[in-house]
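Student: I have a structure to study and a list of terms I do not trust yet. Can we go through them one by one?

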Amino acid sequence: MKLSTEEFRKALLKAAAELEQHKDELTDLDREIGDGDHGINMSRGFQAVQKELEAQEEYEDLGALSKQVGMTLIKTVGGASGPLYGTAFVKFAGAFKGKTEVEGQELAAAFKEATDGIKMRGKSEFGQKTMVDIWTPFYEALEQESDLNATLDQALADTKERVATKGRASYFGDATVGVQDPGALSSSLLLRSIVEVLS
Amino acid sequence: MINLILVSHSEKLATGLKELLAEMAPDTPILLAAGLADGSIGTDASRIEETMNELNDDGLILTDIGSATMNAELALELYSGDRNVQFVEAPLVEGAFLAAVLSGQSKSLDDIVTGIKAEFS
């Protein structure tokens with residue numbers, strides 16, 4: 001599994017389109033177990049990312065691309081997702097610094113660092129029905145070189161059945177079982193777009 | 001005198017709290033990073049960082065719920081100014097009251113943080 005700067009840029013453009021397409025679904029889910037702004041926030045952030053990526057076709061390396069995306073998300077997404085996704089990309093920037101291509105265990109390690117960044121920022125752990133429940137099995141699948149899309153399918157199904165114990169959704173308690181976590185869904189959309197470009 | 005930065009999802013909530021604090025500690029500088037730039041509900045790390053650049057002394061950040069804290073911690077990491085700024089976890093209203101009064105008594109930032117931790121944790 002290899003990721004290049006140009007392919008990562010393409011994946012992020014694809015993610016922006018996917019998030020835009022699922023904007024209402026993300027917002028509806030968030031209305032059920034949150035504050036109802038996740039789709040709008042993610043759309044605003046990734047539309048800003050899209051604009052920047054379209055304006056700049058070439059990046060020096062994966063690190064420079066990740067850093068720009070991270071800072072844009074921090075400035076534009078708002079809510080809880082801004083700092084969480086922003087931190088993930090700032091961690092990518094550190095792991096990818098000076099590299100135009102990353103593969104194998106080095107790629108898995110970058111996704112683990114991003115996941116650790118999300119956990120640190122949100123003071124969260126795996127199993128609390130958050131985006132961490134998607135990112136964790138994803139980097140583990142990269143480490144073990146198992147099927148990434150199947151991993152995401154399973155992770156989404158598992159997350160949906162959990163009780164939320166972190167973030168605003170936790171105030172809804174047992175009512176969160178059977179409702180998908182909006183951050184988990186948006187994470188799966190982003191990660192699937194990345195899977196598509198891995199070669 | 002230590003400045004307070006109130007980080008809230010709601011501009012009205014922060015403005016109201018500032019009014020309350022002015023009754024107890026009229027001299028303590030209170031800065032707000034509340035709501036989004038367009039006036040809607042939310043918190044934003046870059047707005048908090050901008051507010052940190054307005055400090056006229058060292059500062060203490062207090063937050064309301066969830067993502068306000070995340071954004072405050074992120075803003076602290078992004079801040080490149082030379083003031084000593086700290087975040088302390090406490091209920092926003094009660095914590096800000098204690099901090100404003102202690103600042104009004106010219107306590108140091110460390111003393112204020114210690115005082116709040118002793119009271120609320």
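Student: What makes strand 1 and strand 2 of chain B a pair?

Tutor: This is a predicted model, and the pairing is read from its bridges. Two strands pair if there are at least two bridges between them. Strand 1 of chain B has five bridges to strand 2 (residues 30–34), so they pair, and they run parallel. One of the links is B:L6, whose partner in strand 2 is B:L32.

Student: Why is the crossover between them called right-handed?

Tutor: Follow the chain from strand 1 through helix 1 (residues 11–24) to strand 2 of chain B. Point the strands away from you; if the path over the helix runs clockwise, the crossover is right-handed. This β-α-β crossover is right-handed, which means that its path runs clockwise in that view.

Student: What joins strand 1 to strand 3 of chain B?

Tutor: Five bridges, and these strands run parallel. B:I5 has B:I61 as its bridge partner in strand 3.

Student: How do you know that strand 1 of chain B is mostly covered?

Tutor: Buried means under 20% relative accessible area. Six of the six residues of strand 1 (residues 3–8) are buried. B:N3, B:I5 and B:V7 point one way, while B:L4, B:L6 and B:S8 point the other way.

Student: Why do side chains in a strand alternate?

Tutor: In a regular strand, side chains take turns between the two faces of the sheet.

Student: Why is strand 2 of chain B called largely enclosed?

Tutor: Because four of its five residues are buried.

Student: Why does B:I65 count as partly exposed?

Tutor: Buried stops under 20% and exposed starts over 50%. B:I65 has 39% relative accessibility, so it falls in between. Its place is the loop between strand 3 (59–63) and helix 3 (67–78) of chain B.

Student: What surface patch does B:I65 belong to?

Tutor: A nonpolar one, formed with A:Y171 and A:F172. Together they have about 340 Å² of accessible area.

Student: What does UniProt list for residues 5–32 of chain A?

Tutor: An unreviewed UniProt entry gives "coiled-coil region" there. In the model, that span is 96% helix and 0% strand, with its end C-alpha atoms 37 Å apart.

Student: Which annotation covers residues 1–121 of chain B?

Tutor: "Domain: PTS EIIA type-4", from an unreviewed UniProt entry. Here the chain is 49% helix and 16% strand. The end C-alpha atoms are 24 Å apart.

Definitions and conventions
Residues numbered from 1 in each chain as written. Chains lettered and ligands numbered in written order. Predicted model: local features only at pLDDT ≥ 70, side-chain atom pairs only at ≥ 80, totals over all residues. Heavy atoms only, no water. Patch = residues over 30% accessible without salt bridge, like charges linked within 9 Å, V, L, I, M, F, W, Y side chains within 5 Å. Areas by Shrake-Rupley, 256 points an atom, 1.4 Å probe, with all protein chains shown as cover. Salt bridge = Lys/Arg side-chain N within 4 Å of Asp/Glu carboxyl O. Helix = DSSP H or I, 4+ residues; strand = E, 2+ residues; numbered from the N terminus. Buried < 20%, exposed > 50% of the residue type's maximum accessible area, 1.4 Å probe, protein only. UniProt positions renumbered as here; feature names shortened; annotations may be inferred.
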